[in-house]
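Please find below some notes on the structure, set out as numbered points. They are meant to be read alongside the sequence and the coordinates.

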Amino acid sequence: MTDVSIPNYDKNNMPKTTKSAVLEKVFDIDMKYTKLKEMGPTDVLIKVVAVGICGSDVHYYDQGHIGDFVVKKPLILGHESSGVIVAVGDKVTKFKRGDRVAMEPGVPCGHCEACRTGHYNLCPNMQFMATPPVNGDLTQFIVYPQDFVYPIPENVSYEEATLNEPLSVGVHATQKLGVDVGSSVLISGMGPIGLLAILAAKAHGADQIIVSDAEQSRLDIAKKLGATNAVNIKNADVLDTVKTLTNGVGVDYAIEASGTVPGEQTSLHALKRGGKVAYIGVPTTDQTPLDVPFMTDHETTIMGIFRYCNNYQTGLKILAKNTKLVDNLLTNFYPLDQTKAALEKSRTDKSNSIKVIIYPNEQLRK
């Protein structure tokens, strides 16, 4: 595993600022030294090693908002990250200097009804990285609570560990659906979340995993990850294919990760009677028509999926068993100073860029 340098910091010798990639306004990224949060007794100081670009980062970069979340002031992007601990607070018990870690990017309040009933991903006071007005971690150093930091398995690289954030979404969806041994699953949309959902479904026992997308290169990678059948929507009808492959019955479960109206509707209609569908993809429209007669006649279970909850540790275990496979998703690598170029690559080149990685400190891959 690639080693990185560990600065000689402690609680009495902390940096005051950190170099960050800041979104000033739409299409405008500036490199700035921003103030570093003061470290509390249960916090750790992390040198950020690798950050993956998410579709939400691109949306804020080129549109300035996602739904009701609007960039109203300069914002540090990035929330798919890994790093190394360089200092710990007085009451930190889980980590020590030099530990390689992945950061779960959402910190809930811990006191509201959602948190108290075990659904902290639905916390209305969630502080989620790179979701306005909360800054992300496209920065050289970050202070973070130890309870939302996880050890990276020894055989998982820093770059691979960044994939745990999108993978955890798929794990959450798979567990909410109840995907089990011998089941069939349709996954619509082969962006990073859809691709990694293949691993989640496979880990939970699915043995027939049908995927769909318009990019053949992504479908090819899906087959490498474990998809049993890949449907290019440019050349074939997804519903016809599902019916053929399931002897006219339909799939047990569907995971919709494209965010498109056709994908949303197809995922519903691909279900068997009594089937379940989880909607992950952010819709391209405010409202999507659903076939209520189909839903009632088939007694369909429909779930919305919002991020993840108590899944981060499971995701890292899945990654540790699939390092050679997930490395196929890491396609482009940039230093922090080239954050704008990295965002443009992710925004404009869907065929050749699956997961773009930015290195806030030293660059490990070219």
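1. Strands E3 and E11 are joined by five bridges and run antiparallel. One pair in this ladder is Asp43, whose bridge partner in E11 is Pro145. The model is a predicted one, and the remarks that follow should be read accordingly.

2. Strand E3, residues 43-52, has further partners. Eight bridges join E3 to strand E7 (residues 80-88), again in the antiparallel sense. Strand E20 (residues 355-359) also pairs with E3 antiparallel, over two bridges. Val51 is a useful residue to inspect here: Val51 stands opposite Ser81 in E7, and opposite Ile358 in E20.

3. How many of the ten residues of strand E3 are buried? Ten of the ten are, so E3 is largely enclosed by the rest of the structure. For a reader who wishes to follow side chains along such an element, the general rule is that in a regular strand the side chains alternate between the two faces of the sheet.

4. Strand E11 also takes part in a pocket. The second largest pocket has a volume of about 380 Å³. Of the 19 residues lining this pocket, Lys37, Asn135, Gly136, Ile142 and Val143 are the closest to its centre. Two elements, strand E2 (28-35) and E11, give two or more residues to the lining. The largest share, five residues, comes from E11.

5. Thr139 deserves a separate remark. Thr139 is found in the loop between strand E10 (127-128) and strand E11 (141-145). Is Thr139 buried or exposed? Its relative accessible area is 3%, under the 20% limit, and therefore Thr139 counts as buried. The side chain of Thr139 makes a polar contact with the side chain of Thr18, at 2.7 Å. Once neighbours within four places in sequence are set aside, the residues in contact with Thr139 are Thr18, Lys19, Ser20, Val48 and Pro360.

6. A second sheet can be described in terms of strand order. Six strands form an open sheet in the order E15-E14-E13-E16-E17-E18, with parallel pairing. Strand E15 (229-232) and strand E18 (301-304) are the edge strands, each pairing on one side only. From one strand to the next, the twist averages 15 degrees. Within this sheet, strand E14 (residues 208-213) is joined to E15 by four bridges, the two running parallel. In that pairing, Val211 stands opposite Ala230 in E15.

7. Helix H7 (residues 238-245) packs on this six-stranded sheet, where it touches strand E13 (184-188), E14, E15 and strand E16 (251-256). The direction of H7 makes about 165 degrees with that of E14. At the start of H7, a side-chain oxygen of Asp237 reaches to within 3.1 Å of the backbone nitrogen of Leu239. Just after H7, Asn247 takes a positive phi of about 55 degrees.

8. Asp10 is placed in the segment before strand E1 (17-25). With a relative accessible area of 38%, which lies between the limits of 20% and 50%, Asp10 is classed as partly exposed. Which backbone nitrogens does the side chain of Asp10 approach? A polar atom of the Asp10 side chain lies 2.8 Å from the backbone nitrogen of Asn12, and the side chain of Asp10 reaches the backbone nitrogen of Asn13 at 2.9 Å. As for its place in the overall fold, the C-alpha atoms of Asp10 and Gly226 are separated by 44 Å, with these positions 216 residues apart along the chain.

9. Ser157 lies in the loop between strand E12 (149-151) and helix H3 (158-162). Ser157 is buried, because its relative accessible area of 7% is under 20%. The C-alpha atoms of Ser157 and Ser82 are separated by 9.2 Å, although the two residues are 75 residues apart along the chain.

10. Finally, the enclosed space. How many cavities of 30 Å³ or more does a search of the whole structure find? The search finds one. The largest cavity has a volume of about 40 Å³. The residues lining this cavity are Glu104, Gly106, Tyr120, Asn121, Met126, Phe128, Arg307 and Tyr308.

How values were computed: Residues are numbered from 1 along each chain as its sequence is written. This is a predicted model: local features need pLDDT of at least 70, side-chain atom pairs count only at pLDDT 80 or more; totals for chains, interfaces and linings use all residues. Side-chain values use heavy atoms; hydrogens and water are left out. Two strands pair if DSSP finds at least two bridges between them. Axes are lines fitted to C-alpha atoms, for helices over the stretch in contact, and angles run from 0 to 180 degrees between N-to-C directions. Contact means heavy atoms within 4.5 Å. Buried means under 20% relative accessible area, exposed over 50%, partly exposed in between (1.4 Å probe, protein chains only). A polar contact is a pair of N or O atoms within 3.5 Å; within protein, one must be able to donate a hydrogen and the other to accept it, and residues adjacent in sequence count only if both atoms are side-chain atoms. On a 1 Å grid over the protein atoms alone, a cavity is a set of points where a 1.4 Å probe fits but cannot get out, and a pocket is an open set with protein on both sides within 12 Å along at least five of seven lines; lining residues have an atom within 4 Å of a point. Grid points are joined across faces, edges and corners, and a volume is the space filled by probe spheres set on the points.
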